[in-house]
Amino acid sequence: MRSKPLSLLLMSTIVCCLFSGCGKKGNDAATAPENNGTTEAAQNSTSDSAGDKSAEKSESASPYDGVPPLVLHKTSKYEWNEDNKPYLKHYYSYLSLGKEYAASHSELAKNINDARDDIEAHEYDYYTLSMEEAKEYDDLTFECSWYTYLRRADSKYISFVNECENAGTFDFNVLSYIAHSYYVDSGKEIKLTDIVADEDAFYDLLAEKVKKNVDETLTDYMGEPSNLDKEGIKKSIKTCMQGTGCAWTLDPQGVTFWFDSNVFSPFSTSNTVFFSEDKDGKIFKEEFAKDIPDEWIMMMPGGDNTHFDEDDDGEENTVLSSEITEYDPDFDDYYVSGFMISYEDDYKKYKGEEASSYFIFLMHKDHKNLILESHYEYDYALISAYPLVNGKIKQGDTMLAGLEYAWDEADEDEDAAPFYMPVGTEDIRVLIDEGGEEHDVKADTISVSMDGELYKKGEENAFDGPKSEEDLFTFMEGEWSLVNPVTLKDYGHMEIKNDGSFTYGYTGSDETCTGEFTPDHQCPGEKNVPLSFSVNVSGIDKMTFADNGYYVPDDGKDTSNVKLYYGSCDKEDFIYMEETGNGDSFMGSVLFQDQSSVDGSFSLSSNSYLMHRKSSETIEASANTGSFYAWVWKADDKGLWAQEMKPLTWDGENEYTLNRFTAAAFEPKQMSAEYYKYSDGIDKKLLLNGQRLEMEYPRYMCKLSIGSDGSIKDIEEVDSAFYGMYDLGDLDPEISYDGLKFNYNGTTFDLEGKGAGNAILDVYHAYGKEIVECHVNPHTSLYYIFDKFRGEFCEELIDGTNLIWLDDDFTTAIYAQKNEVRDLCGDFMFAVDGEEISDLEFTDGGKRVKCSYYVNGYSDVEEETFEMPERRDAAMNAYCNYVDSGRAGDYRKFMEYAPEDAVFLAVTDPQAWARDLFFLSDMLEETAVNYVMVVSLHDNSVVDVYKDGETCTATEYLDKGKSSMYKMTVSETMPLYTIKVTTDEDGKETTTEWPVTEFSGETYQHCSFISK
């Protein structure tokens, strides 16, 4: 889609500016200095903010008594050309009161409806102008939106802002604002003078904030701050208040001003003056400054950050969340592809599948905050929660539900359903998918906890398991059998008392020892019910053990630390116990293990144990929808029994690699496991530990996505970290540098010994890596690759300039050497007809590269766009990423490339950064320069290398995901070596051969899947 000419953009900007500021009444009010007020006298504000609320009381008390029921309406308007393509696209939204409530609050309803009429009038004016412009510019699409965002809704005040977004030039659009705030009881519009006692002090503080915001924005984008000082900005603010260019809202914690694009910079600007900043009680009037709600909800326009005080400590925080769009070249148009959250320094994108509009809310309660997001996709709806904790975005619950349609509140001519708006964390009106192919839905209400948990009505306190340490020991009390999950035979017994003490022995033996579980709360966030325990045993010197090479303690005592999972499943109770210490205790390695399995059929060193018993009572679990963490107790060939779990998270750091990550432990969210069938789309080969699901007792932590028919739509494995913890994703590292010293999470690496030039120029981030650029001379840089998963620099470096890659995928990188461009395998991509390349930039999703280069003896610069050769090594690069991180998600990305009949992946000469990831199995020729790898896709694969019909290396035995690497010569035509891989499936042995030669084709290729 092409942009409009600048002359039209300027005209459009003028129109949008006319739309900003006050509503029609406000513009006509000669006595009002602000642009979204009314002519109502300020002295009426006190009585208006009070009023009789008894009429609004329902028979059953609600935390939201007196809060007006709000409905959000969304409208789309299109005009189509002869080619059936839209040349005009308008979108707008507005609020209304529920009809029953509106009937008893006529003044408030009238004013909110007037605000709607104002928005529609603006849209119509611009529609008329665009239709005229379209006659002259028939190849353009005219697109504009006027979306309304609720900023405050409680029993006293309502405030909202409408953001007009019009297509612009360069990299940004043109934004302008309309805003309104009302007293709930009287319905009258609130003036700024109703709120602010000392206007001069208020504008001083606002101007200081705006100055800082504008300077940072302009410096980031244009390299220099604004030429306006604080007084100049203050004067401009007052000028805007007399006419157009800004609007303001009464937010829960203060007053927010919204400045149109081109008032202070090409960008829109917003800033909030908080009530808490009025230390002396002089800026704001007391009835507003003292009336800060403990719980609130607001929406966030996309033009600038929303400013809020996350923990009510007087410090300012920032968040922004909005839809994201992507370009579809097939339709020459943009579509909604998901949404993003930017919170402090954290940023995350979330993809949707054929998603419609997103409804995004910032919620605050008990000094905690989260983002609640709701959207409809092709055949279902999703609501998700994302807690905002200490500058990090966390993942909360997801539910198959969407905001409830409000057809009863729709206007007669309304084509699209409006939605009931949430006004707090409880009583959120939704449509919940009941499952099944028909996608039947039921109107219900849900609540959200500030830890990100979503509950249906009545389920908030419905946990049917232990709620205290005493409850847990009561559940554990009794006789338990330890079962070997491979042989499915019981091998031990443990009798636990209600104080945590126990007696333990082996099945068929009279020998026993004693011990006790003592809660030690190792995991941050453990509260009433412990997850972690210390276990002490005595009397083990009186027991007999299989010959296993372990030393039995002389005093018969041992101690260890464990975590426990517990639950009920398929008419049985279960306890899963796993050691969490950094040691090799006799208890974990021998005592609690099956003594009949010292041959390795069940690993004696697994340090985990499963106990079960018949359940004393049948507890029915409610089937879940959406996405949730789950512990899998049992499985069969058609599905699995999953117990919903909730994570306790904290900031963790690997003490060996220095990598910081979100560490997690899990506790049950419900006591019982529910059975879920696999859908046809489940492919276990994508799962790193998918073989666990072939066992009757998988002992498997994962994240399940349940479709609307109640079956499992997707399984995501949860990565283990260490000491019983899990890894839920990387945290941003602390990085600095000085000279040639690189500081990473408190550890300093000196690059001087690596011959790294004379200074570090910059550090760039990619997934799993920090790329350190060192200056050598004006024509050369050295790039050192710090691998965060290993905590060290890769042996190989990159000698060149203008190193770039796509998104955060370093494996897509290319770089320049003089007038040539190469990739990370060193393969030639293209060359320019000039002296030296000065800049590289990917375009068209990496299919092309825009290249600037010097010509005429460096006196001129030319620009040219080159087609990139087709790159066919994505599978190899994905595998290297997996070996580097060890993460299940990276293994899945690798296996998604594998054809169904593939036996192994053959690789020649992987990317430079990855070569020291792999152990060299054999060097077949000392002078060879090629590295050849075999990556097994099946367990128990047997790998042999042949030369002249004879084996020339020791046989390798590989499980799936493992590899062997050889140094040998790879010929172009006639192979010198043949690699044979033998697999055994269902008792049938098959050997697959690969004559080792270069992979032929029109472009460079370093890998290929070898099939039967």
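# Exercises on a predicted model

Asparagine 940 sits in the loop that runs between strand 56 (930-936) and strand 57 (941-947). The structure is a predicted model. The exercises below start from this residue and then move to other parts of the chain.

## Exercise 1: two residues with positive phi

Task: state what is notable about the phi of asparagine 940, and decide whether asparagine 940 is buried or exposed. Then do likewise for aspartate 366.

Solution.
- Step 1. Asparagine 940 has a positive phi of about 60 degrees, although it is not a glycine.
- Step 2. The relative accessibility of asparagine 940 is 58%. Exposed means over 50%, so asparagine 940 counts as exposed.
- Step 3. Aspartate 366 is also a residue other than glycine with a positive phi, near 55 degrees. Its place is the loop between strand 14 and strand 15 (368-376).
- Step 4. Aspartate 366 counts as exposed because its relative accessibility is 54%.

## Exercise 2: a charged patch

Task: find which residues form a negative surface patch with Asp366, and place Glu315 in the chain.

Solution.
- Step 1. The negative patch on the surface consists of Asp294, Asp311, Asp312, Asp313, Glu315 and Asp366.
- Step 2. Glutamate 315 belongs to the loop between strand 10 (306-308) and strand 11 (317-328).
- Step 3. With 53% relative accessibility, glutamate 315 counts as exposed.

## Exercise 3: two loop residues compared

Task: determine for threonine 425 and for serine 356 how far each is covered, and list their contacts beyond the neighbours within four places in sequence.

Solution.
- Step 1. Threonine 425 is located in the loop between strand 20 (419-420) and strand 21 (428-433).
- Step 2. Its relative accessibility is 1%. Buried means under 20%, so threonine 425 counts as buried.
- Step 3. Apart from neighbours within four places in sequence, threonine 425 contacts Tyr64, Glu295, Met363, Lys365, Ile446, Ser447, Val448 and Met450.
- Step 4. Serine 356 is in the loop between strand 13 (346-351) and strand 14 (358-365).
- Step 5. Serine 356 has a relative accessible area of 36% and is therefore partly exposed.
- Step 6. Again without neighbours within four places in sequence, the contacts of serine 356 are Glu323, Val336 and Tyr376.
- Step 7. The C-alpha atom of serine 356 is 9.1 Å from that of glycine 338, and 18 residues separate the two along the chain.

## Exercise 4: helix 8

Task: describe the surroundings of lysine 234 and find the salt-bridge partner of lysine 230.

Solution.
- Step 1. Lysine 234 is part of helix 8 (residues 230-242).
- Step 2. Its relative accessibility is 7%, so lysine 234 counts as buried.
- Step 3. Leaving out residues up to four places away in sequence, lysine 234 touches Asp200, Tyr203, Asp204 and Ala207.
- Step 4. Lysine 230 makes a salt bridge with glutamate 208, and the closest N and O atoms are 3.9 Å apart.
- Step 5. This pair links distant parts of the chain, with lysine 230 in helix 8 and glutamate 208 in helix 7 (residues 199-222), 22 residues apart.
- Step 6. Lysine 230 counts as partly exposed at 30% relative accessibility, and glutamate 208 counts as partly exposed at 47%.

## Exercise 5: two further salt bridges

Task: give the N to O distance for the salt bridge of arginine 152 and aspartate 154 and for that of arginine 790 and glutamate 792, and state how far each residue is covered.

Solution.
- Step 1. Arginine 152 and aspartate 154 meet through their side chains at 2.7 Å, N to O.
- Step 2. Arginine 152 is buried, with a relative accessible area of 2%; aspartate 154 is buried as well, with 14%.
- Step 3. The N to O distance in the salt bridge of arginine 790 and glutamate 792 is 4.0 Å.
- Step 4. Arginine 790 is buried at 18% relative accessible area, whereas glutamate 792 is partly exposed at 39%.
- Step 5. Salt bridges with shared partners connect Lys769, Asp787, Arg790, Glu792, Asp884 and Asp916 in one network.

## Exercise 6: the whole protein

Task: state how many helices and strands the protein has, how many salt bridges are found, and what share of its residues is buried.

Solution.
- Step 1. The protein has 13 helices and 63 strands.
- Step 2. The whole structure holds 54 salt bridges.
- Step 3. Of the 1012 residues, 55% are buried.

Notes
Residues are numbered from 1 along each chain as its sequence is written. This is a predicted model: local features need pLDDT of at least 70, side-chain atom pairs count only at pLDDT 80 or more; totals for chains, interfaces and linings use all residues. Side-chain values use heavy atoms; hydrogens and water are left out. Patches are made of residues with over 30% relative accessible area and no salt bridge: like charges are joined within 9 Å, nonpolar side chains (Val, Leu, Ile, Met, Phe, Trp, Tyr) within 5 Å. Accessible areas come from the Shrake-Rupley method with a 1.4 Å probe; for residues, only the protein chains shown count as cover. Lys and Arg count as positive and Asp and Glu as negative; His and the chain ends are not counted. The place of a charge is taken as NZ of Lys, CZ of Arg, CG of Asp or CD of Glu. Helices (H or I, at least four residues) and strands (E, at least two) are DSSP runs, numbered from the N terminus. Buried means under 20% relative accessible area, exposed over 50%, partly exposed in between (1.4 Å probe, protein chains only). Contact means heavy atoms within 4.5 Å.
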